[in-house]
Amino acid sequence: MKRIFIFLTVLITAVFLNVASAQAPKHVTWRLTVKMTSATEGVMTLKAVIEPGWHLYGTNLPKNGPKPTVFNLSECKGITFTSALTPSRNPIKVHDNMFDMDLTWWDADITFKRNFKITNKEKANIVCNISYMSCNNKTCSPPETTQLTKKL
């Protein structure tokens, strides 16, 4: 009887710890790639892979709405950016019933590119912190921040 009690206690504890440590599903995942165009110049590409039925909010949103997508590249070292961060296509403008306002978003995978020049080869490193929020037509995921890094 004591063995059964110990077994059940361990089993219940394991199940509880597994459920407690489970994370919410990610509806947007990010990838960072770099293509060198010369020995000292390259293109950084950030790709958002968006789950079907979900959308990623745009970078310029009105106040009191959802969290816009923000790219923070201030931690990069040994490089200088030579262009603006540019999306592969413009976001669509939609009236969002959950927030009762006109908003912009991407409803399918999107890439963002930015050119750079290496200024210090030993320290050259891209660090991008992306803050964003995603929703579908019924619910939203909490705002989150993802950090992507790439040593050059």
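Student: How far is the backbone nitrogen of Lys 138 from a polar atom of the side chain of Asn 136?

Tutor: This is a predicted model, in which local features need pLDDT of at least 70 and side-chain atom pairs count only at pLDDT 80 or more, while totals for chains, interfaces and linings use all residues. Residues are numbered from 1 along each chain as its sequence is written, and side-chain values use heavy atoms, with hydrogens and water left out. A polar contact here is a pair of N or O atoms within 3.5 Å; within protein, one must be able to donate a hydrogen and the other to accept it, and residues adjacent in sequence count only if both atoms are side-chain atoms. For the backbone nitrogen of Lys 138 and the side chain of Asn 136, the distance is 2.7 Å.

Student: Is Asn 136 buried or exposed?

Tutor: Asn 136 sits in the loop between β11 and β12, where helices (H or I, at least four residues) and strands (E, at least two) are DSSP runs numbered from the N terminus. Buried means under 20% relative accessible area, exposed over 50%, and partly exposed in between, with a 1.4 Å probe and protein chains only. Asn 136 has 16% relative accessibility, so this loop residue counts as buried.

Student: Which residues is Asn 136 in contact with, leaving aside neighbours within four places in sequence?

Tutor: Contact means heavy atoms within 4.5 Å. The C-alpha atoms of Asn 136 and Glu 51, 85 residues apart along the chain, are separated by 9.6 Å. As for the contacts of Asn 136 itself, they are Gly 53, Trp 54, His 55 and Met 98.

Student: With which side chain does His 55 share a polar contact of 3.4 Å?

Tutor: His 55 belongs to strand β3 and is buried because its relative accessible area is 6%. Beyond four places in sequence, His 55 touches residues that include Asp 96, Trp 105, Met 133 and Asn 136. The polar contact of 3.4 Å runs from the side chain of His 55 to that of Tyr 57.

Student: In what order do the four strands of the open sheet lie?

Tutor: Two strands pair if DSSP finds at least two bridges between them. Here the pairing is antiparallel, and the edge strands β7 (92-96) and β11 (134-135) each pair on one side only. Strand β3 (residues 55-57) is joined to β8 by two bridges. The order is β7-β8-β3-β11.

Student: Which residue in β8 stands opposite Asp 96?

Tutor: β7 and strand β8 (residues 101-106) pair over five antiparallel bridges. They form a hairpin with four residues between them, and Asp 100 in the turn has a positive phi of about 50 degrees. In β8, Asp 102 is the bridge partner of His 95. The residue opposite Asp 96 is Met 101.

Student: How many of the six residues of β8 are buried?

Tutor: One residue of β8, Trp 106, stands opposite Leu 56. The strand β8 is mostly covered, and the number of buried residues is five.

Student: Which two residues touch the most other members of the largest nonpolar core?

Tutor: A nonpolar core is a set of buried Ala, Val, Leu, Ile, Met, Phe, Trp, Tyr and Cys residues joined through side-chain atoms within 4.5 Å. The largest one has 25 residues, and the elements giving two or more residues to this core are β1, β2 (41-50), β5 (79-81), β9 (110-118) and β10 (125-132). Another core, of seven residues, lies apart from it and includes Tyr 57 and Trp 105. In the largest core, the two residues are Trp 30 and Leu 46.

Student: Which residue meets Glu 144 in a salt bridge?

Tutor: A salt bridge is a side-chain nitrogen of Lys or Arg within 4 Å of a carboxyl oxygen of Asp or Glu, and by this rule the count comes to one. The N to O distance is 2.6 Å, and the partner of Glu 144 is Lys 26.

Student: How many residues apart in sequence are the parts that this pair ties together?

Tutor: Glu 144 counts as partly exposed at 23% relative accessibility, and so does Lys 26 at 43%. Glu 144 lies in strand β12 (residues 144-151) and Lys 26 in the loop between α1 (2-21) and β1 (28-36), so the pair ties together parts whose separation in sequence, in residues, is 118.
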